[in-house]
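This report describes the overall build of one protein chain and then turns to a few individual residues. The sequence and the model are shown first.

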Amino acid sequence: MNFGYKNMDYTLQILSGDGIGTEIVNEAQKVIGWINSNTDITIKTHEDLIGGQAYDEYGTPLADETLENCRKSDAILMGAVGGPKWDNVEYNKRPEAGLLRLRKELDLFANLRPALVFDALIDASTLKPEIVRGLDILIVRELTSGVYFGEPRGIKDIGNGQRRGINTQSYTTEEIKRVARVAFDLARKRSNKVHSCEKANVMESGKLWREEVSTLRAEEFSDVTLEHMYADNCAMQLLKNPSQFDVIVTDNLFGDILSDEAAMLTGSLGMLPSASLGHKGSSALYEPVHGSAPDIAGQGKANPLATILSLAMCLRYSFDRGDIAEKIENSVQKVLNDGIRTEDIMTKGCLEVSTSEMGDAIVKSLGQ
Ligand code: NAD
């Protein structure tokens with residue numbers, strides 16, 4: 001097959017992680033194998049440990065050498081981290097701490113979470129089919145600042161048996177503009193519309209957010225439609241009329257909540273990919289939204305499609321090969337239309353397959 005591009009080699013750091021991580025990433029590796037044999041690009045993979053596996057092997061959930069390899073690679077594909085085995089490990093050595101460190105060290109400030117409803121899975125949504133049919137929303141969440149990182153923070157004794165819990169919401173002009181720029185850029189490749197969400201009515205940081213996003217649009221993106229919306233209204237509108245949205249940009253806290261809500265419009269955790277992007281030209285992280293699913297690990301039941309769709313995002317955003325990404329997404333669509341399902345998305349009349357059989361079905365469909 002010839003896509004009409006020059007040959008290109010890319011390096012991909014693979015971090016399978018814990019629980020179902022290895023099972024789902026193995027299926028994405030099959031797709032990488034197909035890409036290497038059938039397109040004009042070559043993806044060279046390098047595998048390493050993260051999370052609980054890394055803690056067991058290296059005594060830390062993210063070794064310095066692994067981090068360096070991630071930094072040097074063009075992109076990173078991760079499975080998931082965590083599990084009951086490490087529940088009693090000290091906080092900064094827990095599996096999740098490895099992932100947080102990776103995001104922070106690479107300054108992955110823009111978290112992209114698409115909420116895409118596949119026609120074949122429309123009944124999995126809790127909303128009526130006519131509300132979610134054809135839904136395609138992209139939430140861009142600021143990931144490295146805001147109330148989860150702001151200082152001062154902590155729990156203080158304030159006397160008389162009382163305590164005060166403190167977190168600080170804080171954003172600078174640059175932090176707002178750089179994530180908004182990502183959203184506007186993406187909107188230009190989609191429907192050219194951005195909703196920016198905050199609580200400018202009650203929070204100064206929200207007022208600043210609104211002003212800076214407006215300024216950026218006027219300076220660099222006057223061709224893109226911008227609408228401001230209070231985050232609570234956005235939560236309501238996502239349920240009432242989700243198809244009004246294309247790209248939503250919002251802060252870390254509201255993004256955490258709104259992206260989970262939007263994702264659930266699609267009804268199925270095993271189908272949701274994500275990307276975390278940093279500065280132009282630096283390595284980005286691609287991973288499914290779900291966790292390590294210890295309850296089904298090792299049983300061949302995990303749905304690998306979120307990981308395969310994360311690989312598609314990697315092709316689109318890090319390797320600039322939207323054509324190959326689209327081919328993978330179309331194969332997922334076709335396999336679902338053919339009634340092939342893992343247990344989590346199984347419905348009557350469909351064929352239930354294992355993790356590995358689902359990966360094989362995608363590769364087979366890619367070859368057709
Ligand atoms: P989870 O996402 O792992 O699982 C929630 C439910 O969804 C489970 O019933 C699971 O079986 C199911 N599920 C998840 N992914 C699936 C898939 N691909 N196919 C089929 N079913 C799937 O969330 P949890 O149970 O709350 O957390 C388990 C562990 O994962 C915890 O240690 C948690 O900290 C960690 N976690 C990691 C990440 C990450 O690595 N980014 C994200 C969330 C949770």
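In this predicted model, Asp320 is an exposed residue, because its relative accessibility of 61% exceeds the cut-off of 50%. The residue is placed in the loop that runs between α10 (305–317) and α11 (322–337). Its backbone is also worth noting: phi of Asp320 is near 55 degrees, which is a positive value in a residue other than glycine. For context, most residues other than glycine have a negative phi.

A second residue with a positive phi is Asn160, where the angle is near 55 degrees. Asn160 belongs to the loop between β6 and β7 (163–168). With a relative accessible area of 78%, Asn160 is exposed. The two residues are set out below.

| Residue | Phi | Relative accessible area | Location |
|---|---|---|---|
| Asn160 | near 55 degrees | 78% | loop between β6 and β7 (163–168) |
| Asp320 | near 55 degrees | 61% | loop between α10 (305–317) and α11 (322–337) |

Another backbone feature concerns a peptide bond. Glu151 and Pro152 are joined by a cis peptide bond, with omega at about 0 degrees. Most peptide bonds are trans. Pro152 is part of strand β6, which covers residues 150–157.

Is Ser125 buried or exposed? Ser125 has a relative accessible area of 8% and is therefore buried, the cut-off being under 20%. Ser125 sits in the loop between β4 (110–116) and α5 (129–132). A polar atom of the Ser125 side chain lies 3.0 Å from the backbone nitrogen of Leu127. Leaving aside residues up to four places away in sequence, Ser125 touches Val132, Leu265, Thr266 and Gly267.

As for the protein as a whole, it contains twelve helices and 14 strands. Its radius of gyration is 21 Å, close to the 21 Å given by the globule rule for 368 residues, so the protein is as compact as a globular protein of that length. The C-alpha trace spans about 65 × 50 × 45 Å along its principal axes. Of the 368 residues, 51% count as buried. Among contacts between residues at least 6 apart in sequence, 75% join residues at least 24 apart.

The protein exposes about 16700 Å², of which carbon and sulfur atoms supply 48%. It carries 40 positive and 54 negative charges, and the mean positions of these two sets are 3 Å apart.

Technical notes. Residues numbered from 1 in each chain as written. Predicted model: local features only at pLDDT ≥ 70, side-chain atom pairs only at ≥ 80, totals over all residues. Heavy atoms only, no water. Helix = DSSP H or I, 4+ residues; strand = E, 2+ residues; numbered from the N terminus. Buried < 20%, exposed > 50% of the residue type's maximum accessible area, 1.4 Å probe, protein only. Polar contact = N/O pair within 3.5 Å; in protein donor to acceptor, adjacent residues only side chain to side chain. Contact = heavy atoms within 4.5 Å. Rg over C-alpha atoms; globule rule 2.2 N^0.38 Å. Areas by Shrake-Rupley, 256 points an atom, 1.4 Å probe, with all protein chains shown as cover. Lys, Arg positive; Asp, Glu negative; His and termini not counted. Charge placed at Lys NZ, Arg CZ, Asp CG, Glu CD.
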